[in-house]
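Student: Got a minute to go through this one with me? I'd like to start from one residue and work outwards.

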Amino acid sequence: MDAPNVPLYTPSTRSPKEKMLSQRFPIALMGMCSILLAGLAACGVPQEAPPEAPPEAAVPAEPAAAMPTAAEHAAAPAEHDAPHWTYEGEAGPDHWAALSEEFAACGSGLAQSPIDIGEPAAADLANIVFHYSPSAIKVLNNGHTVQVNYDTGSYIELDGMRYDLAQFHFHAPSEHSVDGVLADAEIHLVHKSADDKLAVVGVLLNDGAANEAYQAVMDNLPAAESPETKVEGMVDAAALLPAVQTTYRYAGSLTTPPCSEGVAWNVMTTPVELSAEQLAAYTAIFSGNNRPVQAMGERALAEDSTP
Ligand SMILES: [Zn+2]
């Protein structure tokens, strides 16, 4: 896989205004750059980094201007001036679109994520085929979440297309809700195709039995903003999934600025359990890093009815 798929940690410098804001929202503003999902919103990509080819418009019916792509964001001349965003206050979700033209989709997009999963239409969809292998644990705290960058070579097949697993990260509580109820947390396994299309597998996490598959990660969550660090142990993404792998599927977006659309969302219908202690290891660092659910609009929501 090409290097740009791997999320980048970038040290940053803060303007006086940012420092002032940081003092007002210290935790939420720990992250300096919107490095989310596949590291696509890399506002701090070093100048020498080769720009990615612009991905194709993932939703051709939409005007291109409504879909600021992550690659465009990364290549923008003003990347080091990209605004900071948070989950509360003046730079919170209600204000993301106003923070930057690049974030316009956060406000004007009609296919945004997350959503409340209400009444999906049952469908006999082709199963996602998981080709996951264990990976070293390369963990970072980007100021918005804790993320584990995944070794290359693991991928899914979705509707005949290969999407390579780049990373997974956490939100607490969950971003997607089911019938209005949030889970305790959610992981997003972020995949990217060769032509830069994104597919995310979401797994809802609830308080319950301890889950060994998550333990090595939960033992190594960086409390402060930090670059990628390889830690002890391995993680197997296959073991992070529930045993029953049917999904809710819909077309959505990044759940963080720039809120780019064209993301194929696959939320597991079956939550998995983590112990209270495991969940607390994460929420001690990040709590409330969930974007509110967005309007479903005219979109279709399907539930795969056949394991
Ligand atoms: Zn996410």
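Student: Leaving aside neighbours within four places in sequence, which residues is Leu189 in contact with?
Tutor: Leu165, Phe168, Val200, Val201 and Ala237. Keep in mind that this is a predicted model.

Student: Noted. Which residues have the most contacts inside the largest nonpolar core?
Tutor: Leu189 is one of them. The others are Val200, Val203, Leu205 and Tyr282. That core has 61 residues.

Student: Which strand gives the most to this core?
Tutor: Strand 11, with seven residues.

Student: And which domains does the core draw on?
Tutor: Domain 1 (3-106) and domain 2 (116-304). Each supplies at least three residues.

Student: Back to strand 11. How many bridges join it to strand 14, and do they run parallel or antiparallel?
Tutor: Five bridges, and the two run parallel. Strand 11 covers residues 198-207.

Student: Give me a residue to click on. What stands opposite Val201 in strand 14?
Tutor: Asn266. Val201 is also among the contacts of Leu189.

Student: What about strand 13 and strand 14: how many bridges, and parallel or antiparallel?
Tutor: Seven bridges, antiparallel. Strand 13 is residues 247-253. There, Tyr250 stands opposite Trp265 in strand 14.

Student: Why is strand 14 largely enclosed by the rest of the structure?
Tutor: Because eight of its eight residues, 261-268, are buried. The cut-off for buried is 20 or more other C-beta atoms within 10 Å of the residue's own.

Student: OK, new topic. What's the order of the open sheet of three strands?
Tutor: 1-8-9, with mixed pairing. Its edge strands are strand 1 (116-117) and strand 9 (181-182). Each of those pairs on one side only.

Student: How do strand 8 and strand 9 pair: parallel or antiparallel?
Tutor: Antiparallel, over two bridges. Strand 8 is residues 177-178. Val178 stands opposite Val181 in strand 9.

Student: Zooming out, how many helices and strands does the protein have?
Tutor: Seven helices and 16 strands.

Student: What share of the residues is buried?
Tutor: 49% of the 307 residues.

Student: Last one. Among contacts between residues at least 6 apart in sequence, what share join residues at least 24 apart?
Tutor: 72% of them.

Methods:
Residues are numbered from 1 along each chain as its sequence is written. This is a predicted model: local features need pLDDT of at least 70, side-chain atom pairs count only at pLDDT 80 or more; totals for chains, interfaces and linings use all residues. A residue is buried if 20 or more other C-beta atoms lie within 10 Å of its own, exposed if 12 or fewer, and partly exposed in between; C-beta atoms are placed from the backbone. Helices (H or I, at least four residues) and strands (E, at least two) are DSSP runs, numbered from the N terminus. Two strands pair if DSSP finds at least two bridges between them. A nonpolar core is a set of buried Ala, Val, Leu, Ile, Met, Phe, Trp, Tyr and Cys residues joined through C-beta atoms within 7 Å. Domain bounds come from an automatic or database domain assignment. Two residues are in contact if their C-beta atoms, placed from the backbone, lie within 7 Å.
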